[in-house]
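Trainee: I should like to learn how a protein model is read, step by step. May we begin with the overall fold and then turn to particular residues?

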Amino acid sequence: MQLTPKINQILNHLEKIQSFNPLDSMDDTRKYLETMSFQLSGKKEPVAMIEEIHIPQENHQIPVRIYRSKGKTGQEEPAIIYIHGGWFIAGGFETHDAVVRKLANKTEATVIFVDYRLAPEYPFPAGLHDCIHTVQWIIENSKTLGIDKNRIGIIGDSAGGALSTAVSTQIGEKLKFQVLIYPAADNQFNTISWETYENGPVLNKQGGIEAWKHYLPEAEANNPLAIPILIKDFKNTPPTLVILAEHDPLIDDGKQLAENMKNANISLSTSLYKDMVHGFMHMGEILDEVQIAIDEMADFTSKNFETGREN
C-alpha cells in the first residue's frame, strides 16, 4: 500500500487525536468523527441561508437543516437530500457541514440534510424510516419549501450510501438521481479489500463489525434494505453515480453494488479516486480531490436535473 505524502500527513494527524471518553466507546467514536471533520474539512464556505426545521414523524421529530446558496428566491429550486455517514452510529449536522456547504454552492440547489436517528439507541430500521419519511414530506411540502418536486435527488456517503440505496429502491421513482460516496454496502467483511485494509487507514474491521452489530438486529440479518449488496430488485432506482476511494476497505463492496446495479440495467457511472482513503470528503483542508469530487457531483446532478426522467 503506497500512500501519498498528503494522505500520510492526514493519517499522522488522526493518530494524534486523543480519546475523549475512554469509558464510553460510543461517545468517544462520535466525538472523534466530529473532531476529525472540524480539523480537516478546511474553512467553511459561506452560504446565503441556513434553516433548521423539524419534520413530524409518528412519535418523534426529525431534525433537518436546509442550505440555500441563493437564499429564498421566487422560483422553485432543485433540491438534493443528503444522508450522512458515520457507520450508522455517528455523524450529524456538524460533521458534514463543510461538505454540504460546498455542494449547495456548486450545484446551486437547495441541499437538505437529514439528521436521522442513530444506532444503538435506534437500530435499523429507525434511521431508514426517517430518511424515507423526510423525502416524502419534502415532496408533499415542496411548494412551501420553494422546491421543485420534479427535480429532487439524493446523495449519501458511507452508511448514508447504504441508506440512500434503500430509499431509492422504495421511492426512487420520485428522484432524479442518486450519488453514493464510498457506500457501506455489506456487513460480511470478507472481501479482498477488507483483508488488505483490515487495520485501516481510517476504518478498521473490528470497529466495522461492532458498528453493524449496534445497527442491525438479528431478526433483520438478511434484510436487503439494511444490506444493499443483497438487493435483487432495483426497479425504482434512478440514474446513479458511485464514487469510490482506492485505499478504502469498502471499495470491493462498492464495486459489487455498482455491478449489481449495472446488471439490473440501472443508468450507472462509477468514479474511482486514486490514492484516496475512506472519508476523504472530510479532508478538504489538505486534499484537492474534495473539490474535484464536488465538481463531478455537481456536473452529474445538473445533467440529471435537466435531462432526468419525468416523475
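Mentor: Helices and strands are DSSP runs numbered from the N terminus, a helix having at least four residues and a strand at least two. Please keep in mind that this is a predicted model.

Trainee: How many helices and strands are there in the protein?

Mentor: Two kinds of element are counted here, each carrying a number along the chain. In the protein, the count comes to 10 helices and 8 strands.

Trainee: Why is the protein said to be as compact as a globular protein of that length?

Mentor: The globule rule turns a chain length into an expected radius of gyration, and for 311 residues it gives 19 Å. The radius of gyration of the protein is close to this, so the protein is as compact as a globular protein of that length. The value found for the protein is 18 Å.

Trainee: What percentage of the residues count as buried?

Mentor: A residue is called buried when its relative accessible area is under 20%. Of the 311 residues, the share that counts as buried is 58%.

Trainee: What percentage of the contacts join residues at least 24 apart?

Mentor: The contacts considered are those between residues at least 6 apart in sequence. Among them, the share that joins residues at least 24 apart is 76%.

Trainee: How far apart are the mean positions of the positive and negative charges?

Mentor: The protein has 28 positive and 42 negative charges. A mean position is taken for each group, and the two are separated by 5 Å.

Trainee: Let us turn to the aromatic residues. Why is the pair of phenylalanine 88 and tryptophan 212 called edge-to-face?

Mentor: A search of the whole structure finds 12 aromatic pairs. In the pair of phenylalanine 88 and tryptophan 212, the ring centres are 5.0 Å apart and the planes stand at 65°. Planes over 60 degrees apart count as edge-to-face, and therefore this pair is edge-to-face.

Trainee: Which parts does this pair tie together, and how many residues apart are they in sequence?

Mentor: Phenylalanine 88 lies in the loop between strand E3 (77–83) and helix H3 (97–107). Tryptophan 212 belongs to helix H8 (residues 205–215), so the pair ties together parts whose separation in sequence is 124 residues.

Trainee: Are these two residues buried or exposed?

Mentor: The cut-off for buried is under 20% relative accessible area. Phenylalanine 88 has 1% relative accessibility, and tryptophan 212 has a relative accessible area of 3%. Phenylalanine 88 therefore counts as buried, and tryptophan 212 is likewise buried.

Trainee: Which residues form one aromatic cluster?

Mentor: The rings of phenylalanine 124 and tyrosine 215 also make an edge-to-face pair, with centres 5.8 Å apart and planes at 70°. Phenylalanine 124 lies in the loop between strand E4 (110–114) and helix H4 (126–140) and tyrosine 215 in helix H8, so this pair ties together parts 91 residues apart in sequence. Both phenylalanine 124 and tyrosine 215 are buried. The one cluster is formed by Phe88, Phe124, Trp212 and Tyr215.

Trainee: Where does glutamate 198 lie, and which residues does it touch?

Mentor: Glutamate 198 lies in the loop between helix H7 (192–196) and H8. With a relative accessible area of 37%, glutamate 198 is partly exposed. Leaving aside residues up to four places away in sequence, glutamate 198 touches Asn204 and Lys205.

Trainee: How far apart in space are glutamine 61 and aspartate 130?

Mentor: Glutamine 61 is placed in strand E2 (residues 60–68) and counts as partly exposed at 43% relative accessibility. Glutamine 61 and aspartate 130 are 69 residues apart in sequence. From C-alpha to C-alpha, their separation in space is 9.1 Å.

Trainee: Which residues does a cis peptide bond join in the loop between E4 and H4?

Mentor: Most peptide bonds are trans. Proline 120 lies in the loop between E4 and H4. A cis bond, with omega about 5°, joins proline 120 to its partner, the two residues being alanine 119 and proline 120.

Trainee: What is the phi of phenylalanine 189?

Mentor: Most residues other than glycine have a negative phi. Phenylalanine 189 lies in the loop between strand E6 (178–181) and H7, and at 7% relative accessibility counts as buried. Although phenylalanine 189 is not a glycine, its phi is positive, at about 55°.

How values were computed:
Residues are numbered from 1 along each chain as its sequence is written. This is a predicted model: local features need pLDDT of at least 70, side-chain atom pairs count only at pLDDT 80 or more; totals for chains, interfaces and linings use all residues. Side-chain values use heavy atoms; hydrogens and water are left out. The radius of gyration is taken over C-alpha atoms; the globule rule is 2.2 Å times the number of residues to the power 0.38. Buried means under 20% relative accessible area, exposed over 50%, partly exposed in between (1.4 Å probe, protein chains only). Contact means heavy atoms within 4.5 Å. Lys and Arg count as positive and Asp and Glu as negative; His and the chain ends are not counted. The place of a charge is taken as NZ of Lys, CZ of Arg, CG of Asp or CD of Glu. Rings of Phe, Tyr and Trp (its six-membered ring) pair if their centres lie within 6.5 Å; planes under 30 degrees apart count as stacked, over 60 as edge-to-face and the rest as tilted.
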